[in-house]
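Student: I have a model open on my screen and I'm not sure how to read it. Could you walk me through it, feature by feature?

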Amino acid sequence: MQTHVFSPSKLQNTQSPFRAGVFLGFSLRYQNVAKRQHCAIPNALSVDHQNVEFIVTSHTQKGKSRGPSVFVGFKLHCHSKTLTFPTKLSSVNGKKKKKRYGGVLPFILRSLESNNDIEKTLSEYCDNLSPKEQTVVLKEQRSWERVIRVFEWFKSQREYEPNVIHYNIVLRVLGRAQKWDELRLCWIDMAKNGVFPTNNTYGMLVDVYGKAGLVKEALLWIKHMIVRGIFPDEVTMNTVVRVLKEGKEYDRAHRFYKDWCVGQIELDDPYFDSNVDDSGCELISFKHFLSTELFRTGGRISTLKNSTTLETENLIRKPRLTSTYNTLIDLYGKAGRLEDAANVFGEMLKSGVAMDAITFNTMIFTCGSHGHLSEAEALLAKMEERRISPDTKTYNIFLSLYAEVGKIDRALECYRKIREVGLFPDVVTHRTVLHVLCQRSMIQNVESVIEDIEKSGSRIDENSVPSVIKMYVENGLINRAKLFFEKCQKDGGYSSKTYAAIIDAYAEKGLWVEAEEVFFRKTGLVGQKWNVIEYNVMIKAYGKAKLYDKAFSLFKSMRNHGIWPDECTYNSLIQMFSKGDLADQAIDLLSEMQEMGLKPKCLTFSALIGCYARLGQLSEAVDMYHKMLETGTKPNEVVYGSLINGFVEYGNVDEALKYFHQMEESGISANQIVLTSLIKAYGKMGSLKGAKALYDRMRGFEGGPDIVASNSMINLYAELGMVSEAKMIFEYLREKSLVDEVSFSTIMNLYKSTGMLEDAIQIAEEMKLAGLVKDCASFSMVMSCYAANGQLRECGELLHEMVTRKLLPDPWTFMVLFTVLKKGGFSIEAVKQLELSYQEGKPYSRQAVITSVFSVVGMQDLALEFCEVFTKADLNLDSSAYNAAIYAYGAAGQIDKALNIFLKMQDENLKPDIVTYINLVGCYGKAGMVEGVKRIYSQLKNEEIEQNESLYKAIIDAYKSANRQDLANLASQAMKFALESGQCVGSETEEESDGTFSDLESP
């Protein structure tokens, strides 16, 4: 085991001193300690309390090495005993009590608080205050204006001696209020009065600038203090590191700390000298108050050409303050440098610097947030061993860490433990637990936490309100969401960001009415005004609901309320109108946006180009592409994909390939969508070689070719009759569980068209079992397959399923149904009559076809159900509908109803046609009404009815049904004579009719 001294490694371009597969961390060993009260956490980790020792170790990792990677982390060697929390804590959440003052100070402070005439109050009571009492009076003022007035009064007194402590208080207050001009004047006044800044002054200035987000300006104060010959003390160094850390300048923070340790601060960091003009001089910026007047060094500050350092004693400095170690641990943790964080923690233990709850909280968070939850739990045991009580933040950290790894029960247990150990949940606690529970839609638990918050007299944090409402909305509990919002509104309004998040929760689910209620509700609250972010989200809500007029109207009303649209507003509207194929409105908005000096996003241009491509306006799409280039916006793969797909869809393959080559020349790799479009293009050209090359290229993508590209290849192989190649891709899709209804339909049609009916039927059955028969196209394809194989009953069952799902059969479906009728023995004259009626859109023609199909396949109950629909209608029906009804009733054996339909037909002055006679003969035969058959046969022989082979066959079948074989033989001889003599023309054969249908069997 090797012990390392504290020497955090460099953060940039560092090479680990350890070999591949090394685990860097620390080991805690515990010794038995005095018994304390404990309170077990759920499934807590086990710890063996042995020798107390902290060691940073390097261990050769066992097992398979993954190559040159180094795993940097923490390692706590813990054994079996239960880790527990203390049952009671001595302090409550670490709240500070307000300091109490003695003597005359409380009276003076109350007088100043209650009286706006500060100068009069000070004159009456503050003549003889000591400098310390003056300091208290300054510190206790509630606003920067009052601080200035008090300070100016003190300075006006003859006995007053300016001191740095008072200036520090004033500078801090002005900095926190971000009153930079006033701060600059105070600094100048300080110099005039001969008061020199101290380490505390500079540290305080770095702090207020850093908290205002002015990191560069904060560092310039350090530059100024070094030039004055003041070396930062530990507190100032800690402040600088913290500011850089909060600004995510981890490397610079690390370098500053290391330089401080060796006693020199480098001033040639480019970060100090970034704002320079052409002459090499630093520009004056009154906004950031680092002006020449502030430093009193002349008109401009000459840029330092050489590195300037402040040499101090050649001693290695080490931090001595707990707060410094806490900052460093947090720095390295946030930078992802776990080894450095562990080294700092180890150095802290060895140097005897007192640890506090912040130290352990920081280490626990660093471990847990980098995936080392067990080490975080071990640190909790170490924390208790050192008699440092966990605070609410400790529990908040564990609550969040457990939630991140899905241990919700443990997270909730941490929430409950806070009260059990005598602490109180804070805003962060409630916000964290509500976020965790809302994400998982644990509604009952959420409502329980809300009840706890209300019982404690607290207000629900506004950041949690959108999460709760979103949870309710996503679970369809709209009323609960509204009631919760109403209840929260009673406590006052929220920020625009919160209102926008609530509106967005409704918008995402298309609930524009509810979103609108929240939007307009804000106007009823005193002091609440709309912000552009709320308008943008409300516009989005209208757009998702495709209420383009409302979205545009809201946009137009923005200026009336003093709100100016921003880039997001225009980009959203243009994209919205483009998706709705409203190209003209989108173009007008684009022009308006550019006139205002706002820059459209690439996504906005892409939406417009896609819109033009869908509308077939390819020249406009190309113009928009060139306009995009003129604005300096670089097109992405979506832009090129829209152009390529547009040209492919309209058959201009050469242009599609032109933009494909442009895309590749610009360095953009084609994605699957683009390559799929090109595969379709090559398919239209019949270029198998080009399509196959692109498909092979897609095999190199992660996950391989997508479903659309694979289906395109199956279709191309099917068109070329290449069964084995198509089957190979289909099997690939099946193995990847990617196969969809298009894949099934295409391969099924290929098998059917090549005579592989058994394979086609097998695919159809598999498609049904997979639940992929769900639209007209898939139903029609499977039915056509069954029809080709003579499985007519299955066709009827699929038709019934379509009707049950309320899927309206489309023209292709009806073509399949006509094939079923032909194969089911329906006369060719009857089929042609139904086809003509359907094509002409006659009333109830669809119902007549469906009724006939159910009758032919033997599903009589369903046939009669549909028959009742149109036979009882008040509309005048044509012969095809009456004939379908006669057939349906006759097939069901309800001869009386069939004959009544015939009588009704005559009452409507509709003369019977060949189909009518065919159906009547069938009814007479089933009923044994030989005389009825003879009557029609007589009319046929006497040529009162046109000679027709189908009618002869119907008469022969009717005689057979009536057990009159003798009459059937006579009719058969008569039909033969009529056919031979040319008096009767034979009907089309079934095979011929199937041939005419084959071209229509692809969707």
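**Reading the model**

Tutor: Sure, let's begin with charged pairs: the structure holds 38 salt bridges. Keep in mind that this is a predicted model.

Student: What is the idea behind a salt bridge, and which pair could I look at?

Tutor: Side chains of opposite charge can pair when their charged atoms come close. Here, try aspartate 189 and lysine 155, whose side chains meet in a salt bridge at 2.7 Å, N to O. That pair links distant parts of the chain, with aspartate 189 in helix α6 (residues 180–192) and lysine 155 in helix α4, 34 residues apart. Aspartate 189 is partly exposed at 21% relative accessibility, and lysine 155 is partly exposed at 22%.

Student: Which residue pairs with glutamate 454, and how far apart are the closest N and O atoms?

Tutor: The partner is lysine 487, and those atoms are 2.9 Å apart. Again distant parts of the chain are linked: glutamate 454 sits in helix α19 (residues 443–455) and lysine 487 in helix α21 (residues 478–489), 33 residues apart. Glutamate 454 has 39% relative accessibility, so it counts as partly exposed. Lysine 487, at 37%, is also partly exposed.

Student: And which residues are linked in a network of salt bridges?

Tutor: Look at Asp207, Lys211, Arg242 and Glu246. While you're there, find threonine 239, which lies in helix α9 (residues 234–246). Leaving out residues up to four places away in sequence, threonine 239 touches Gly203, Val206 and Asp207.

Student: Is threonine 239 buried or exposed?

Tutor: Buried: its relative accessibility is 9%, and the cut-off for buried is under 20%. Across the protein, buried residues make up 49% of the 1003 residues.

Student: How should I read a helix that has some buried residues?

Tutor: An α-helix has 3.6 residues a turn, so residues three or four places apart point the same way. Now take helix α2 (residues 118–125), where the buried residues are Ile118, Thr121 and Leu122. They cover an arc of only 100° around the axis, so they are on the same side of α2. Their cover includes α1 and α4 (144–156).

Student: Where is proline 809, and what does it touch?

Tutor: Proline 809 is in the loop between α39 (792–804) and α40 (811–823). Proline 809 counts as buried, because its relative accessibility is 6%. Beyond four places in sequence, proline 809 touches Cys776, Met802, Phe814 and Arg846. The C-alpha atoms of proline 809 and alanine 777 are 9.1 Å apart, although 32 residues separate the two along the chain.

Student: What about the surface: which residues make a nonpolar patch?

Tutor: Val104, Phe107 and Tyr125 make one of about 250 Å². Valine 104 is in the loop between β5 (84–85) and α1 (105–114), and is partly exposed at 38% relative accessible area. As for the protein's whole exposed area, about 48,900 Å², carbon and sulfur atoms supply 49% of it.

Student: Last one: where should I be careful?

Tutor: Where pLDDT is low, the predicted coordinates should not be read in detail. The protein averages a pLDDT of 79, with 82% of the residues scoring at least 70. But pLDDT stays under 50 over residues 1–84, and also over residues 87–95. The model does have 205 contacts beyond four places in sequence for residues 1–84, and 19 such contacts for residues 87–95.

Note on methods. Residues are numbered from 1 along each chain as its sequence is written. This is a predicted model: local features need pLDDT of at least 70, side-chain atom pairs count only at pLDDT 80 or more; totals for chains, interfaces and linings use all residues. Side-chain values use heavy atoms; hydrogens and water are left out. pLDDT is the predictor's confidence in each residue, from 0 to 100. Contact means heavy atoms within 4.5 Å. Patches are made of residues with over 30% relative accessible area and no salt bridge: like charges are joined within 9 Å, nonpolar side chains (Val, Leu, Ile, Met, Phe, Trp, Tyr) within 5 Å. Accessible areas come from the Shrake-Rupley method with a 1.4 Å probe; for residues, only the protein chains shown count as cover. A salt bridge is a side-chain nitrogen of Lys or Arg within 4 Å of a carboxyl oxygen of Asp or Glu. Helices (H or I, at least four residues) and strands (E, at least two) are DSSP runs, numbered from the N terminus. Buried means under 20% relative accessible area, exposed over 50%, partly exposed in between (1.4 Å probe, protein chains only). The arc is that of the directions from the helix axis to the C-beta atoms.
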